[in-house]
Amino acid sequence: MLRQLEYLVALARERHFARAAEACHVSQPSLSAAIGKLERELGVPIVSRGRRFESLTPEGERVLLWAHRMLADRDALRQDLSRMRESLSGVLRIGAIPTALPAAPLLTAPFCERYPHVRVTLESLSSREIARRLDQFELDIAMTYVDGSAGMLLYEERYVLLTPADEEIASRPVARWADVVALPLCLLTSKMRNRRILDGIFADAGVQPVPVIEADTVATLYAHVATQKWSSVIAHAWLQMFGTPDGMRVVRIEEPRRVPQIGLVAGEQVSMLARAMFGLTRGLDVRGELERLLHKNLDRRDL
């Protein structure tokens with residue numbers, strides 16, 4: 001039955017019989033036959049069929065929920081047995097919000113060194129998608145915004161100004177939010193939580209940003225800022241991946257009232273691999289590493 005449940009999960013994800021069969025490395029008739037067999041065994045219709053896949057039935061949605069749980073239990077069992085053999089193995093599935101993604105190597109590098117037989121998959125996801133996929137047992141662990149009451153705190157997200165070196169504001173020890181808003185800005189889109197947080201900080205300062213450029217990825221934002229035509233407010237963790245482009249300066253911004261926190265979270269059922277990541281992370285100083293990185297990128301007069 002577990003194989004049939006895997007086929008059902010793939011079909012629900014792909015919403016297309018042929019694509020689901022390809023993802024499972026079987027023929028479409030084999031996948032369809034397995035779903036039909038599952039329906040007969042359970043005595044309920046699972047898939048609404050026309051000439052093509054239409055949807056899951058209400059009973060099918062319930063079966064899908066149990067399928068995720070049962071497959072997660074199977075994976076947890078495999079990991080538990082693997083650990084008993086003193087050789088943790090498997091695939092650790094990590095989701096990370098885009099703004100935390102540059103800091104991920106601070107966790108994954110020491111984890112892979114500690115557990116060389118474990119493979120890691122890392123996906124860039126919205127905070128809402130992370131919550132959904134943790135609930136569906138499609139992720140083991142995630143790096144996302146936390147409110148201090150859930151998960152393991154990794155670091156507080158610090159915001160700095162990235163601006164051309166010839167801008168007057170680049171020579172200041174600390175920039176004010178009210179002055180930053182007057183610059184030609186390149187920011188993430190309002191669909192991203194980081195931007196919504198920044199909008200709230202700007203609002204606390206009594207101003208509203210009107211960026212010239214909006215991007216939906218950190219890499220695209222950096223590509224525009226590197227032209228030295230725009231400034232941006234960046235999370236200090238981004239310096240881990242992108243650093244300070246030539247001709248640009250990193251400038252401190254006055255501390256906001258609210259400081260967002262990035263943490264490591266897992267779903268209701270914590271897998272053995274997720275427990276291993278939590279255990280390793282407790283011995284890491286992610287906050288300190290990012291603070292040291294920030295100091296390196298600040299102008300020397302600020303040190």
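1. A word to begin with: a residue is called buried when its relative accessible area is under 20%, exposed when it is over 50%, and partly exposed in between. Arg15, with a relative accessible area of 45%, is therefore partly exposed. Please keep in mind as you read that this is a predicted model.

2. Let us stay with Arg15 for a moment. Arg15 sits in the loop that joins helix 1 and helix 2. Its phi angle is near 55°, which is a positive value in a residue other than glycine. Most residues other than glycine have a negative phi. That makes the backbone of Arg15 a good place to pause when you turn the model on your screen.

3. Now move along to His25, in the loop between helix 2 and helix 3 (28-42). His25 also carries a positive phi, near 60°, and is not a glycine. Is His25 buried or exposed? His25 has a relative accessible area of 74%, which is over the 50% cut-off, so His25 is exposed.

4. Next, the chain as a whole. Its secondary structure comes to 12 helices and 13 strands. The C-alpha atoms fill a box of roughly 75 × 50 × 35 Å along the principal axes. Of the 303 residues, 48% count as buried. If you take the contacts with a separation of 6 or more, 73% of them are accounted for by residues 24 or more positions apart.

5. What about the surface and the charges? The accessible surface of the chain comes to about 15400 Å², and carbon and sulfur atoms hold 49% of that. The chain has 40 positive and 38 negative charges, and the mean positions of the two sets are 3 Å apart.

6. Leu280 gives you a contact that spans a long stretch of sequence. This residue lies in helix 11 (residues 272-281). Leu280 and Leu107 are 173 residues apart along the chain, yet their C-alpha atoms are separated by 8.3 Å. Leaving aside residues up to four places away in sequence, Leu280 touches Leu107, Pro110, Phe111 and Arg114. At 5% relative accessibility, under the 20% cut-off, Leu280 counts as buried.

7. Asn194 is another one to find in the model. Its place is in helix 8 (residues 193-204). With a relative accessible area of 3%, Asn194 is buried. Which residues does Asn194 touch, not counting those up to four places away in sequence? They are Thr99, Tyr145, Glu157, Tyr159, Leu188 and Trp238.

8. Turn now to the open spaces, starting with the largest pocket. About 1000 Å³ of space lies in this pocket. Its lining has 35 residues, and Val9, Arg13, Leu71, Asp75 and Arg93 lie nearest its centre. Which element gives the largest share of the lining of this pocket? Helix 4 does, with 11 residues. Helix 1 (2-14), helix 2 (17-24), strand 3 (90-96), strand 4 (118-124) and helix 6 (127-135) are also among the elements that each supply at least two lining residues.

9. Finally, the enclosed spaces. The structure holds 2 cavities of 30 Å³ or more, and the largest has a volume of about 120 Å³. Of the 13 residues lining this largest cavity, Ala72, Arg93, Asp140, Gln269 and Ser271 are the closest to its centre. Helix 4 (residues 58-84) supplies the largest share of its lining, 4 residues. Look out for Arg93, which is named both among the residues nearest the centre of the largest pocket and among those closest to the centre of the largest cavity.

Notes
Residues numbered from 1 in each chain as written. Predicted model: local features only at pLDDT ≥ 70, side-chain atom pairs only at ≥ 80, totals over all residues. Heavy atoms only, no water. Buried < 20%, exposed > 50% of the residue type's maximum accessible area, 1.4 Å probe, protein only. Contact = heavy atoms within 4.5 Å. Areas by Shrake-Rupley, 256 points an atom, 1.4 Å probe, with all protein chains shown as cover. Lys, Arg positive; Asp, Glu negative; His and termini not counted. Charge placed at Lys NZ, Arg CZ, Asp CG, Glu CD. 1 Å grid on protein atoms, 1.4 Å probe; cavity = no way out; pocket = protein on both sides within 12 Å on 5 of 7 lines; lining within 4 Å. Points joined across faces, edges and corners; volume = space filled by probe spheres on them.
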